[in-house]
Amino acid sequence: MVPTESTNQMDQKNGVEWRLYYNMLVTRLFEEALVRWEHEGKIAAQTFPSKGQEAIAIGCCLALENGDAVFPSFRTRGAMIGMGIGIAEQLREFVHSPLAAGDSRDAPHHSSWPERGVMPGSTMIGGHLALAAGLALAMQFDKQPAVSIAFFGDGTLGSGDLYETMHIAGAWGLPLIFACENNGSEMSTAWSKTRKTRSLIPYAEPFGFAARSVDGNDALDVYHSARWARATALGGQPVFLDCITFRTGLYSSHFGEVRPGIEADLAEAERRDPLKRMGDWLIANNSVSVDDLERLRRAEDERLEETFATVLAEVK
């Protein structure tokens with residue numbers, strides 16, 4: 001007889017906390033595999049890992065509802081996973097599979113599935129923000145009970161598109177959420193060399209945005225903040241979520257680590273790792289054991305390799 005999961009186990013896996021952990025784990029393992037496969041010469045496309053800041057995309061997407069749409073940044077692969085885009089579907093964009101949804105015509109980090117709420121990104125930093133506002137305007141015109149959410153890093157403060165979009169969104173009360181992955185770096189430049197405050201709330205509030213500072217390394221804080229943001233945006237005021245985090249992974253699979261002198265910051269960030277924190281929460285609340293999480297990690301690693309082999313076979 002095949003063993004079946006108990007009702008309690010199924011309830012746990014359907015719970016918010018478990019889904020946050022699982023989707024963050026898949027995001028991390030997938031990005032690590034993408035970097036590894038590129039370095040092994042199995043794929044050529046560049047990957048921009050989100051290690052250390054996965055909670056932002058996963059927490060926000062879990063807070064959304066049917067009809068909502070996301071505009072990922074080039075580092076927000078977790079938004080694709082959070083919106084239910086499968087690993088095989090994403091891998092097809094990397095290997096130019098004939099089954100790729102977008103015919104592999106764009107960089108894999110700009111792949112989109114509009115019918116499932118994942119909209120295309122932009123190679124120009126901040127270029128997708130106006131697109132997100134345009135979709136929010138369409139939602140407002142059609143009186144849809146839906147929101148548009150765009151992810152971006154704090155380096156986008158150097159883009160005029162950000163301010164122009166905040167101006168029109170605030171003036172028109174669009175159902176728009178800006179989720180900033182505020183990791184304190186513009187590629188290799190520390191935030192203190194480009195602005196006066198780490199917080200971005202002073203930049204957003206003058207445009208009429210409701211703004212909240214969020215612990216971007218706490219998936220539950222992100223989730224509950226995003227639920228508040230969704231309700232606020234639907235009520236007629238766009239929202240700016242300033243998600244404070246720190247990227248513990250590479251800048252990209254091509255360029256490696258480009259930030260000098262970050263050893264102390266990196267050590268502190270690793271102690272506050274969002275995946276570990278969510279795992280510790282599950283263990284402390286008797287939802288899982290350490291062994292359960294280790295078995296899950298091994299199973300997901302194996303699934304990634306099997307999926308990669310299957311997708312590669314499509315192009316031979």
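Here are some exercises on this predicted model, each with a worked solution.

Residues are numbered from 1 along each chain as its sequence is written. Local features need pLDDT of at least 70 and side-chain atom pairs count only at pLDDT 80 or more, while totals for chains, interfaces and linings use all residues; side-chain values use heavy atoms, with hydrogens and water left out.

**Exercise 1. Work out how compact the protein is for 316 residues.**

Solution.
- Start with the inventory: the protein has twelve helices and seven strands (DSSP runs numbered from the N terminus, with helices being H or I of at least four residues and strands E of at least two).
- Next, take the radius of gyration over C-alpha atoms, and get the globule rule from 2.2 Å times the number of residues to the power 0.38.
- The radius of gyration is 19 Å, close to the rule's 20 Å, so the protein is as compact as a globular protein of that length.
- For the box, the C-alpha atoms fill roughly 60 × 45 × 45 Å along the principal axes.
- Finally, 50% of the 316 residues count as buried (under 20% relative accessible area; exposed is over 50%, partly exposed in between, with a 1.4 Å probe and protein chains only).

**Exercise 2. Find the strands that pair with S2, and say how enclosed S2 is.**

Solution.
- Pairing here needs at least two DSSP bridges between two strands.
- On one side, strand S1 (residues 69–71) pairs with S2 in the parallel sense over three bridges, and Phe71 has Ala150 of S2 as its bridge partner.
- Then there's strand S3 (residues 176–182), parallel to S2 over six bridges; Phe152 is bridged to Cys180 of S3.
- As for burial, five of the six residues of S2 (residues 148–153) are buried, so S2 is largely enclosed by the rest of the structure.

**Exercise 3. Describe the surroundings of Arg230 and Gly117.**

Solution.
- Place Arg230 first: it sits in helix H9 (residues 219–234), and at a relative accessible area of 6% it is buried.
- Skip neighbours within four places in sequence, and the contacts of Arg230 include Glu65, Asp68, Pro145 and Ile177 (contact means heavy atoms within 4.5 Å).
- Now Gly117: this residue is in the loop between helix H5 (87–95) and helix H6 (127–141), and is buried at 7%.
- With the sequence neighbours within four places left out again, Gly117 touches Asp68, Ala69, Val70 and Met83.
- Last, check a C-alpha to C-alpha distance: Gly117 and Gly67 are 50 residues apart in sequence but 7.0 Å apart in space.
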